[in-house]
Amino acid sequence: MKTAIATVSISGDLGEKLAAISAAGFDGVEIFENDFLAFDASPRDVGQMVRDHGLEISLFQPFRDFEGMPEPQRSRAFERAKRKFDLMSELGTDLVLICSNVSPLALGGIDRAADDLAELGDLATSYGIRIGYEALAWGRHINDHRDAWEIVRRADHSQVGLILDTFHTLSRKIDPESIRSIPGDKIFFVQLADAPLIDMDLLYWSRHFRNMPGEGDLDVTGFMRAIAATGYDGVISLEIFNDQFRSGSARSIAQDGHRSLVYLMDQVRRAEPDIRISVPEMPERIDVSGIEFVEFAANAGEAENLGGMLKTLGFEKSKRHIAKAVDLWTQGDINIVVNTEPSSFAHASYVTHGANVCDIGLKVADAKATVERARALGAELFEQPVGPGEIKIPAIRGLGGGVMHFIDASSELAKVWDVEFKAWDEAATGNSVGLTRIDHVAETMAYEEMLTWLLFYTSIFQTKKTPMVDVIDPAGLVRSQAVENSEGSFRITLNGAENRRTLAGRFIEESFGSSVQHIAFETADIFETAQKLVRNGLKPLLISPNYYDDLDARFGLDEAFLDRLKSFGILYDRDETGGEYFQLYSPTYGDAFFFEIVERRGCYNGYGAANAQFRIAAQKRHLRAKGMPKG
């Protein structure tokens, strides 16, 4: 499997881009002409620099407005081609992309275009160069890969072949199955990009909103299946035009790109097992059934404060680690770990971020296979010394500086709570409020990082992503999208902050990085739980009375029911199926972290996005002043 990425896809100058592309594990690079022209080095030196990074120049692009030109523009186009061929010879690459003509001077005609490409093929032969012809979705006469293939077929030249790009085919809703009839040896290069479905001008859509395969809504897998079925075994490359990518971390975006290609081809190989492209072996996407534990990093003082809130929420400190300052708090099927061990990853996390969720443990079908797949997709493994009596739990470094551990039921990992922990010697208080499990964990990051997090979860685990929704904060917009398994027993919500003034943005700024901002617990009876919480001393988040007046107007709720919601500060939503959702919030803890308690009735599968604005406004009224001491 030969992979490449166009230099236009990431930020930096050409040298920075090559370093990031090499570090991500790509085999080659498409040199975008403007990146070369802006770089102060000779073609020969640039070619050597590419090779010094362990890369090859897979493609030079683009050569524009070539075929079907009238004179004198036609002769000028051939002269331009000679200059580019000389340049390519010095760079050390043998394939150039010619995109279909968009000039208003261009003349139509399949045969005219074929004749021009055949003549250019003769010229290219003397340079040892190949010509790849691509149909732009907005081409003046040629905007369909089927027409581009007919031109290449009629040109009938060994140095002339087809370049296929997912965006140009799928944006125009052209069936990619038509690719299967093209001979694989006449496909010279494949460029891949995904994109969200947006109804806008094709050129603007392409130039600003492309993203990595698996991050958008296009059927990139179906497109690549059709190409693989032709017998193609050449380079698979990314050509991504995205404003955020071009201003983000080059290394991070390059890593995402390589992960997306490996993930894509793993899907293709499973659907088209007889393909010639060699794909890295790895386990299938991993079944994840829920969250086994959430671990907080804290010092002794923070642990005491956190413990007080957990007690109020009905948790019992049930066990302590056999050798470390690690406590286990439980309720229902929920495990909350509080780690104050000074010589641990948790301590390093605390020093950097303050009290925070540093580790999430997932219930998976096969812990070992999870790590194998994650490693194949570029994740970094996590290991720490295992003491006497401890179990080595498979783990990887997650995003945002955290760790993810994996527990399965078919190995000794299922016994970790009995093997590594001993019962706490104090009597149970009986403060349970009826929480049963973790409904979802909400992770907050800068908006430009959201696609990275989505790709991370969907490529490793058997999950799907929900449509993005806008969460209205009085200070701005937060984009929210969830990753879920099919049963709804595993849910992660991702919230992308666009500015520092939102509650989500404040959390990132004050905690020095992306992390878990809230944990939602499930209950079977929100009202009974609310009563018990009040008994335990919880002061519910104060929601504006105007919110409840509007609820009555929207849903026509029974007055007694509405009064019960209002008395406990419970938020309410109902979907089109009649499913209902109830939300109750703790006060904020530290820098905008909080706990949520939810009840789902019927088939409600959302997260109460309609309530977010009112919840956030109430939370902001209770925050400590920004910049004030935490203690």
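In this predicted model, Asp473 is found in strand β19, which covers residues 469–473. With a relative accessibility of 3%, Asp473 counts as buried, because buried residues are those under 20% relative accessible area. Two contacts involve the side chain of Asp473: a polar atom of this side chain lies 2.8 Å from the backbone nitrogen of Leu503, and a polar contact of 2.8 Å joins the side chain of Asp473 to that of Lys620.

Acidic residues also appear on the surface, where Asp549, Asp550, Asp552, Asp558, Glu559 and Asp563 gather in a patch of negative charge. Two helices, α18 (545–555) and α19 (559–568), each supply at least two residues of this patch, and the largest share, 3 residues, comes from α18. Asp558, one of the residues of the patch, is found in the loop between α18 and α19. The relative accessibility of Asp558 is 52%, so this residue counts as exposed, the cut-off for that class being over 50%.

Elsewhere in the chain, Leu37 is found in helix α2, which is made up of residues 33–37. Although its side chain is that of a leucine, Leu37 counts as exposed, because its relative accessibility is 54%. Leu37 and Gly378 stand 341 residues apart along the chain, and a distance of 32 Å separates their C-alpha atoms.

Key
Residues numbered from 1 in each chain as written. Predicted model: local features only at pLDDT ≥ 70, side-chain atom pairs only at ≥ 80, totals over all residues. Heavy atoms only, no water. Patch = residues over 30% accessible without salt bridge, like charges linked within 9 Å, V, L, I, M, F, W, Y side chains within 5 Å. Areas by Shrake-Rupley, 256 points an atom, 1.4 Å probe, with all protein chains shown as cover. Salt bridge = Lys/Arg side-chain N within 4 Å of Asp/Glu carboxyl O. Lys, Arg positive; Asp, Glu negative; His and termini not counted. Charge placed at Lys NZ, Arg CZ, Asp CG, Glu CD. Helix = DSSP H or I, 4+ residues; strand = E, 2+ residues; numbered from the N terminus. Buried < 20%, exposed > 50% of the residue type's maximum accessible area, 1.4 Å probe, protein only. Polar contact = N/O pair within 3.5 Å; in protein donor to acceptor, adjacent residues only side chain to side chain.
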